[in-house]
Amino acid sequence: MEIKIGIQNVSREIVLESDQTADDVAALVSDALSKGTELRLKDEKGRLVIVPGHALGYVELGGEKARGVGFAAL
């Protein structure tokens, strides 16, 4: 699933692909906002993205990853 994270006072957004479900990510975002802790997400390559909870502007959760088309899908 594609996740877009907007940071307050920053013009660029963070975009990552994750294997986590939308419900799992929504729970992590809600927890980070309510407790003021950092939001920790892993992308599908295993990299860890950490964003301070107080700096979150928005989090957009995309649909599940679509199946690729063409030779790259093999």
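1. A good place to start is Asp-31, which counts as partly exposed because its relative accessibility is 31% (buried means under 20% relative accessible area, exposed over 50%, partly exposed in between, with a 1.4 Å probe and protein chains only). Please keep in mind that this is a predicted model, where local features need pLDDT of at least 70, side-chain atom pairs count only at pLDDT 80 or more, and totals for chains, interfaces and linings use all residues. Residues are numbered from 1 along each chain as its sequence is written, and side-chain values use heavy atoms, with hydrogens and water left out.

2. Asp-31 forms a salt bridge with Lys-35, at 3.3 Å from N to O (a salt bridge is a side-chain nitrogen of Lys or Arg within 4 Å of a carboxyl oxygen of Asp or Glu). Both residues belong to helix α1 and sit four residues apart, about one turn of the helix (helices are DSSP runs of H or I with at least four residues, strands are runs of E with at least two, and both are numbered from the N terminus). Lys-35 is exposed, at 59% relative accessibility.

3. Now look at the other side of α1. Val-25, Val-29 and Ala-32 are buried there. Viewed down the axis, the buried residues of α1 fall within an arc of 65°, so they line one face of the helix (the arc is that of the directions from the helix axis to the C-beta atoms). Their cover includes β1 (2–7), β3 and β5 (56–61). Just after the helix, Gly-36 has a positive phi of about 75°.

4. Strands β3 (residues 38–42) and β4 run antiparallel and are joined by five bridges (strands pair if DSSP finds at least two bridges between them). Together β3 and β4 make a hairpin with five residues between them, and Gly-46 in the turn has a positive phi of about 90°. In β4 (residues 48–52), Val-49 and Val-51 point to one face and are buried, while Leu-48, Ile-50 and Pro-52 point to the other and are not.

5. The whole structure holds three salt bridges. One of them links Arg-40 to Glu-38 at 3.1 Å between the closest N and O atoms. Another joins Arg-47 and Asp-43 at 2.8 Å, N to O; Asp-43 is buried, at 10% relative accessibility.

6. Finally, visit Ser-18, in the loop between β2 (14–17) and α1 (22–35). Ser-18 is buried, at 2% relative accessibility. Its side chain reaches the backbone nitrogen of Gln-20 at 3.1 Å, and a polar atom of the Ser-18 side chain lies 3.1 Å from the backbone oxygen of Lys-42.

Methods:
A polar contact is a pair of N or O atoms within 3.5 Å; within protein, one must be able to donate a hydrogen and the other to accept it, and residues adjacent in sequence count only if both atoms are side-chain atoms. Contact means heavy atoms within 4.5 Å.
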